[in-house]
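Trainee: Got a minute to go through this model with me? I'd like to start with the open spaces.
Mentor: Sure, put it up.

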Amino acid sequence: MTLKYLKTPANKAVSNGASVNVAGTVKKVLDDIQANGDQAVLKYSTQFDQWSPTSFKLSREQIDAAIAAVPSQTIDDIKTAQENIRTFAEAQRNSLHDFELEIEPGVFLGQRNTPINRVGAYIPGGRYPLLASAHMTILTAKVAGVPHVIACTPPSAGAIPNATIAAIHLAGADEIYLLGGVQAIGAMALGTESIAPVDFLAGPGNAFVAEAKRQLFGKVGIDLFAGPTEILVIADEEADPYTCAVDLLSQAEHGPDSPAILLTTSESVGQKAVGYIGGLLKVLPTAPVAGAAWESFGQVIVADTMEEVWQIADDIASEHVEVLTKTPRDALKCMKNYGALFLGEGTCVSYGDKCIGTNHVLPTREAARYTGGLWVGKFLRTTTYQEVKSPNASGRLGRLCGRASRAENFEGHARSGDLRAHKFLGDQVEWINQTR
């Protein structure tokens, strides 16, 4: 395989201007919240967000006022996007069925899908107010049947982020807290005097939020170990290089560490796309972020054949894969490792991010090799049950269990089986005769 690189990543370290021990900082905050509850949460909210309310929980009056402050067109758009996401999530839920089977006469095995009891959703603020994250996390959890969802989002320059609060409320959150960062994640997972702990955390965030979720995994469940947003655009000689350029930058603007890769069989398409990106960055309002990402992590790779393209794409295992080829559905049979596919020029990654209906919480950093993204099933616990109604069947299983257990030197297990063989089939068992 011979590859040509028209653009390689600069591999510059992305920094916020200071060397920060993220893991150590997060641990300190979480330990403080564990020990001091609301007092610690208030301290860190004041320190990091300059936000020191009497209560972090928004009242119904505050929620109503926030919704009233949002333009009606924005409210309508939120509702339309949420309806798309709800429809797809409901189809996912309907694809999951409880079942029971009689594996042999009198032996019943069953499976149930039970919603998690309490979920915490984190809706980021900061550089961008991610309204869509409310749809993806809260609404999906509610469709799964989660009875109680709480949501945290940070204040915006010391004020309530009205549009975000509207999206959170319309998605179905049961409680809304104006609280951001590690202190929000810690409060939801560990609980405080005023916030009951949750069983599961969902939602994206910055490096500190991601690290907090990592450290709390096990205490609570989490959706994904999230890294910077990624896009891979696959293009052949018929692809429009301008479209390639626009769509690459659409994801690069997420952050200065977001990889954006063009993989193509056409050197001409690749060269033209690079040229268009240079021009677009001169007028894109988010160019300081998108340009930094493109310089440090952008790539343009030219392969000889589409067979090579599919192989390379699977190796990259990108979060988002946009397929701009003559026959884009080839990706469905030729690719296995991806967070989500976006097929054809009419379909862009931004649709998935904001409104089309699929979930935008997806695996990054090659995690697509072993997991998919957030979906209804993440909020369900698949559990099993067993019942042996036939005495004869229980006796036969007891004999099998005894032999299988003794092969592994589990004598206690074996004796549970022996007892059923004795009770239901009349087997004479020496240890029972000695101890009864």
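Mentor: Before the pockets, one term: a pocket is an open set of grid points with protein on both sides within 12 Å along at least five of seven lines. Also keep in mind that this is a predicted model.

Trainee: Fine. How much space lies in the second largest pocket?
Mentor: About 430 Å³.

Trainee: Which residues lie nearest its centre?
Mentor: F88, G339, A340, T358 and N359. They belong to a lining of 24 residues.

Trainee: And which helices or strands supply at least two residues of that lining?
Mentor: α4 (72–94), β13 (340–343) and α14 (349–354) each do.

Trainee: How many of the lining residues are nonpolar, polar or charged?
Mentor: The lining of the second largest pocket has 14 nonpolar and 10 polar residues, and no charged ones.

Trainee: Which domains does the lining draw on?
Mentor: Domain 1 (22–107 + 114–223) and domain 2 (228–373), with at least three residues from each.

Trainee: Back up a bit. What domains is the chain divided into?
Mentor: Those two plus domain 3, which covers 390–434. Between the centres of domain 2 and domain 3 there are 59 Å, taken over C-alpha atoms.

Trainee: What does the C-alpha trace span overall?
Mentor: About 90 × 60 × 45 Å along its principal axes. The chain has 436 residues, of which 47% are buried, and it carries 17 helices and 14 strands.

Trainee: What about closed spaces, how many cavities of 30 Å³ or more are there?
Mentor: The count comes to one. Its volume is about 30 Å³.

Trainee: Which residues line that cavity?
Mentor: H320, A340, F342, V349, G352, D353, T358, N359, H360 and L362. A340, T358 and N359 also came up among the residues nearest the centre of the second largest pocket.

Trainee: Which element gives the largest share of the cavity lining?
Mentor: α14, with three residues. Both β13 and α14 supply at least two.

Trainee: How does the cavity lining divide by class?
Mentor: Four residues are nonpolar, five are polar and one is charged.

Trainee: Switching to strands. How many residues of β10 are buried?
Mentor: Five of its five, over residues 260–264. A260, L262 and T264 point one way from the strand, while I261 and L263 point the other way.

Trainee: What runs alongside β10?
Mentor: Strand β9 (residues 231–235) is joined to β10 by five bridges, and the two run parallel. Strand β11 (residues 298–302) is also joined to β10 by five bridges, again in parallel.

Trainee: Which residues stand opposite each other there?
Mentor: On the β9 side, L232 stands opposite I261. On the β11 side, L262 has V300 as its bridge partner.

Trainee: How does the chain get from β9 to β10, left-handed or right-handed?
Mentor: Right-handed: β9, helix α9 (residues 241–252) and β10 make a β-α-β unit of that hand.

Trainee: Now β4. Why call it largely enclosed by the rest of the structure?
Mentor: Because five of the five residues of β4 (residues 118–122) are buried. R118, G120 and Y122 point one way and V119 and A121 the other.

Trainee: Which strands does β4 pair with?
Mentor: One is β5 (residues 148–153), which runs parallel to β4 and is joined to it by five bridges. In that pair G120 stands opposite I150. The chain crosses from β4 to β5 through helix α5 (residues 131–144), and this β-α-β crossover is right-handed.

Trainee: And the other?
Mentor: β7 (residues 200–202), which pairs with β4 over three bridges in the parallel sense. A121 in β4 has A202 in β7 as its bridge partner.

Trainee: Last one, A293. Which helix is it found in?
Mentor: α11, residues 287–297.

Trainee: Why do you count A293 as buried?
Mentor: Because A293 has a relative accessible area of 0%, and buried means under 20%.

Trainee: How far apart are A293 and Q251 in space?
Mentor: 9.3 Å, C-alpha to C-alpha, with their positions 42 residues apart in sequence. Q251 falls within the range of α9, residues 241–252.

Note on methods: Residues numbered from 1 in each chain as written. Predicted model: local features only at pLDDT ≥ 70, side-chain atom pairs only at ≥ 80, totals over all residues. Heavy atoms only, no water. 1 Å grid on protein atoms, 1.4 Å probe; cavity = no way out; pocket = protein on both sides within 12 Å on 5 of 7 lines; lining within 4 Å. Points joined across faces, edges and corners; volume = space filled by probe spheres on them. Helix = DSSP H or I, 4+ residues; strand = E, 2+ residues; numbered from the N terminus. Nonpolar A, V, L, I, M, F, W, Y, C, P; charged D, E, K, R; others polar. Domains from an automatic or database assignment. Buried < 20%, exposed > 50% of the residue type's maximum accessible area, 1.4 Å probe, protein only. Pairing = 2+ DSSP bridges. Right-handed = clockwise from strand over helix to strand, strands pointing away.
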